[in-house]
Amino acid sequence: MLAVFDGHNDALTRPDHAAFVTGRKGGHLDLPRMRAGGLRGGIFAVFTPSARERKRPVPREDGVLEFALAPAVAQSRAAAHATAAAGRLLALERSGDLRVARGVADLDAARDGDGPPVAVLHLEGAEAIDPGLEALETWYQAGLRSLGPVWSRPNRFAHGVPFVFPSSPDTGPGLSEDGRALVRRCAELGILVDLSHLNEAGFWDVARLEAGPLVASHSGVHSLCPASRNLTDRQLDAIAGSGGLVGIVFACFFLRADFRDDPETPLALIASHARYVADRVGVEHVALGSDFDGATIPAALGDAAGLPRLLDALADVGFTTDELAAIAWGNWRRVLGAWWA
């Protein structure tokens, strides 16, 4: 079975996270299903939800579907929540059920050995980090190796892209001065900067800093689904030019041309987004970024145990055995290694 590395999941912050090792009744990801699907590594997100988030569409008369940006989260609340969630991952490492990745050797050991799968600790939104970036040092020592400056809401570092369809990702201002300092310090420490929830202005701000390969860990193609969260052709070109990658998201509404959150979405649509990126900028910039436990995914995939069916769907659109190995593991290994060097 081909080893798979997945660029994004929310398993640590599900209410039933305590059953990760033994297996959960719901959701998409746990240790038994990782074994069944060949999932030997992934980026495990720590996300602090907003209080009183409005999940109903904003009334509009132009046919555009828009959800208001979620309210900002205070650093004190985010720090407490994120520390507890990260502690769950460290406890899984202490029990021997997962290995927390601190360098590429940990990725290689998980792919090639019989030991536990590897987990990259990721902050989805940097609200837990103080403006002086002192907490970032502690997080790095604890194992943080990936960070998204924002989720889809504003914070002191940047502006997240709202959920709008159809819409360009060019929805507002980009990085603040604090955000630029955050990106620079992440590059110095060896913490990957993830662009998936950053708006287009923020994307180009990060690109101009040349901190490392541009990475969108769980995104789709705007030309196939014109949602604000998806990547334009120009953004894809920039990602390729930097040596980066796109983790193709499995979330139904970012795959479909009609933005419906429909589990009957064909599995082939994930393959279509991967094929588009490969045809435009090269297969070396294509990877997987499921959003397991954070979104509705195609019922034909089901959960992490269904990953071999996704690899078959990718083969059906012409990816060779060597290309599948790159998409499933090699491209993430290369880009993570570049950031962590």
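This passage describes a histidine in a loop, one helix and a three-stranded sheet in a predicted model. Local features are restricted to pLDDT of at least 70 and side-chain atom pairs to pLDDT 80 or more, whereas totals for chains, interfaces and linings use all residues. Residues are numbered from 1 along each chain as its sequence is written, and side-chain values use heavy atoms, without hydrogens and water.

His222 is located in the loop that links β9 (215-219) with α7 (233-241); helices (H or I, at least four residues) and strands (E, at least two) are DSSP runs numbered from the N terminus. With a relative accessible area of 17%, His222 is buried (under 20%; exposed is over 50%, partly exposed in between, with a 1.4 Å probe and protein chains only). The His222 side chain reaches the backbone oxygen of Ser167 at 2.8 Å. Beyond four places in sequence, the contacts of His222 (heavy atoms within 4.5 Å) include Ser168, Pro169 and Leu231.

In helix α4 (residues 134-142), Ala135, Leu136, Trp139 and Tyr140 are buried. These residues lie on the same side of α4 because they cover an arc of only 145° around the axis, taken from the directions from the helix axis to the C-beta atoms. Glu134, Thr138 and Gln141, on the other side of α4, are exposed. The buried residues of α4 pack against α2 (75-94), β5 (118-124), β6 (144-148) and α5 (177-189).

The open sheet has the order β9-β10-β11 with parallel pairing (at least two DSSP bridges between two strands). β9 and β11 (286-288) each have a single partner strand, so one side of each is left without a neighbour in the sheet. Three bridges join β10 (residues 245-248) to β11, and Gly247 stands opposite Ala287 in β11.

Conventions. Polar contact = N/O pair within 3.5 Å; in protein donor to acceptor, adjacent residues only side chain to side chain.
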